[in-house]
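Q: Can you take me through this model by asking how each label is earned? I'd like the reasoning spelled out.

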Amino acid sequence: MIFQQQLRIPGPTPLPERVVRAMNQPMIDHRGPEFGALLRDVVAGAKRIFETSNDLLVLTSSGSGGLESALANLISPGDKVVAAGCGMFGDRLAGIAEAFGADLIRLISEWGQPTDPDDLAKVLADNPGAKVVLLTHNETSTCVGNDIAVLARVVKDAGRLSVVDAVSSVSSVRIAVDENQIDVCVSASQKGWMAPPGLAFVTISPGAWELNKAAKAPRFYFDWQRHLAQLEVSSTPWTPAIGVAYALQEGIRMLEEEGLANVYQRHADIAHATQAALQAIGFSLFAAEGYRSNTVTGALPMAGLDVGAFRKILRENYGVVIGNGQGKMQGKMFRVGHLGAVTAGDLIQVLWSVERTLEELDVAPADGRGINAANRVLFATGGDSR
Ligand SMILES: *Cc1c(COP(=O)(O)O)cnc(C)c1O
């Protein structure tokens with residue numbers, strides 16, 4: 001009997017019961033005072049989590065819409081843009097830039113590897129005309145966490161503007177937008193924020209607003225100036241995802257009740273425990289050591305294991321839903337999401353199910369070695385990731 005699914009994909013993420021209740025509300029006038037208060041509260045909370053005093057827009061769209069808004073508002077067709085990518089989401093961001101007419105200079109890392117800061121510095125030195133640089137904080141397809149402080153510093157030292165895809169990191173991994181001088185930073189409600197899909201966040205520095213004045217790419221729905229003008233009167237230009245905003249307000253409340261430092265530590269501890277456990281079971285990790293994501297872990301199967309059959313049994317017999325590999329790694333790797341509402345207990349349930357599934361498939365015995373490896377990490381870190 002499966003009473004509740006363990007949704008362990010890197011977004012959408014599970015909703016805490018408090019969030020589900022918070023969104024169970026009658027509709028309100030999106031031009032009225034209640035929504036105005038809700039929007040102000042969500043924007044203020046999100047700014048604390050991004051650690052920024054820059055403008056922050058809340059757009060009704062998935063994360064990709066937030067990313068699209070950055071290109072639509074910052075460039076003119078024919079502009080040189082540097083796209084530093086290390087996986088599928090990096091490719092997507094470059095694809096958006098291309099769709100808006102950018103003259104792309106690509107810096108592509110091998111899958112599993114991070115973006116190299118020295119390579120980035122060299123590309124910027126070779127392309128003095130490229131004002132905008134596209135970066136990924138957490139590459140969800142390869143499960144790589146880039147050192148965003150270092151990369152953003154390289155961009156600033158070269159006098160350029162950074163656009164950072166931080167969709168699957170912000171609120172789970174510290175990003176500190178102002179401290180790192182990140183010009184445009186994007187996240188989305190269905191990742192670490194413990195809310196359903198539907199809202200994207202975009203932070204915009206004064207330098208980005210300056211560039212926006214001259215940018216001529218076509219835009220309408222995502223026109224930042226229209227959004228800012230409405231935000232100044234606590235509203236949005238178009239009908240917002242009101243239900244998601246209620247959820248997000250509660251998600252932010254829960255993150256702040258836990259304390260952001262504790263939230264980040266919980267994600268780090270659970271990521272380390274996941275990595276240790278999957279390796280102890282016999283999987284090899286996809287991302288390079290030292291650059292493994294705190295929100296999602298990607299692993300390659302041991303000999304004799306079919307990833308499709310593994311995921312199917314996990315889902316059907318144990319209610320544990322994990323992600324497939326993406327792009328060229330589809331069917332060749334799997335990804336375990338551990339962001340947002342995730343505890344050590346959830347991880348143990350996932351690992352118990354993984355071991356049982358491998359035994360069912362006659363690949364390896366369910367002898368608890370994954371669970372034990374996870375416990376060793378969790379107890380060593382104080383075991384406070386309940
Ligand atoms: C989830 C995600 C996105 C956004 O995807 P949407 O489906 O449009 O919300 C972008 N970048 C990364 C790294 C992601 O993990």
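A: Let's start with a cut-off: a residue counts as buried if its relative accessible area is under 20%. This is a predicted model, and we can now put some labels to the test.

Q: What makes Cys185 buried or exposed?
A: Cys185 has a relative accessible area of 0%. The cut-off for buried is under 20%, so Cys185 is buried.

Q: And what about Cys143, buried or exposed?
A: Cys143 comes out at 2%. That value falls within the under 20% rule, so Cys143 is buried.

Q: How do you know which cysteines form disulfides?
A: The sulfur atoms of a pair must lie within 2.5 Å. By that rule the count is 0 disulfides. Take Cys143: its nearest cysteine sulfur belongs to Cys86 and is 11 Å away, so by the 2.5 Å rule Cys143 is in no disulfide. For Cys185, the nearest cysteine sulfur is again that of Cys86, this time 15 Å away, so Cys185 is in no disulfide either.

Q: What makes strand E2 and strand E4 edge strands?
A: Look at the order of the open sheet of 7 strands: E2-E10-E9-E8-E5-E3-E4, with mixed pairing. Strand E2 (55–60) and strand E4 (103–108) each pair on one side only, and they are the edge strands. From one strand to the next, the twist averages 20 degrees.

Q: How do you know that strand E3 and strand E5 pair, and in which sense?
A: Pairing takes at least two bridges between the strands. Strand E3 (residues 80–85) and strand E5 (residues 132–136) have 3 bridges, so by that rule they pair, and the sense is parallel. One bridge to look for joins Val82 to its partner in E5, Val133. Helix H6 (residues 148–157) packs on this sheet, touching E5 and strand E8 (161–165), and its direction makes about 175 degrees with that of E5.

Q: How do you know that strand E13 and strand E14 pair?
A: Here there are 2 bridges between strand E13 (residues 320–324) and strand E14 (residues 334–337). The rule asks for at least two, so these strands pair, in the antiparallel sense. In E14, Arg335 is the bridge partner of Gly323. Helix H11 (residues 307–318) packs on the sheet, touching E13 and E14, with its direction at about 155 degrees to that of E13.

Q: Why is the span of helix H2 called close to the expected one?
A: Helix H2 (residues 33–50) has 18 residues, and the expected span is 1.5 Å times one less than that number. This comes to 26 Å, and the helix reaches 26 Å from its first C-alpha to its last, so the two agree. Its buried residues, including Leu38, Val42 and Phe50, pack against E2, strand E9 (184–188), strand E10 (199–204) and helices H8, H9 and H10. Right after H2 comes Glu51, with a positive phi near 55 degrees.

Q: What makes Phe50 stand out in the largest nonpolar core?
A: That core has 50 residues, and Phe50 is one of the members that touch the most others, along with Leu120, Leu135, Ile175 and Trp193. Leaving out residues up to four places away in sequence, the contacts of Phe50 include Leu56, Ile175, Cys185 and Trp193. Another core lies apart from this one, with 34 residues, among them Ala72, Val81, Ala208 and Leu211. In soluble globular proteins, nonpolar side chains tend to be buried together.

Key: Residues are numbered from 1 along each chain as its sequence is written. This is a predicted model: local features need pLDDT of at least 70, side-chain atom pairs count only at pLDDT 80 or more; totals for chains, interfaces and linings use all residues. Side-chain values use heavy atoms; hydrogens and water are left out. Helices (H or I, at least four residues) and strands (E, at least two) are DSSP runs, numbered from the N terminus. Axes are lines fitted to C-alpha atoms, for helices over the stretch in contact, and angles run from 0 to 180 degrees between N-to-C directions. Contact means heavy atoms within 4.5 Å. A nonpolar core is a set of buried Ala, Val, Leu, Ile, Met, Phe, Trp, Tyr and Cys residues joined through side-chain atoms within 4.5 Å. Buried means under 20% relative accessible area, exposed over 50%, partly exposed in between (1.4 Å probe, protein chains only).
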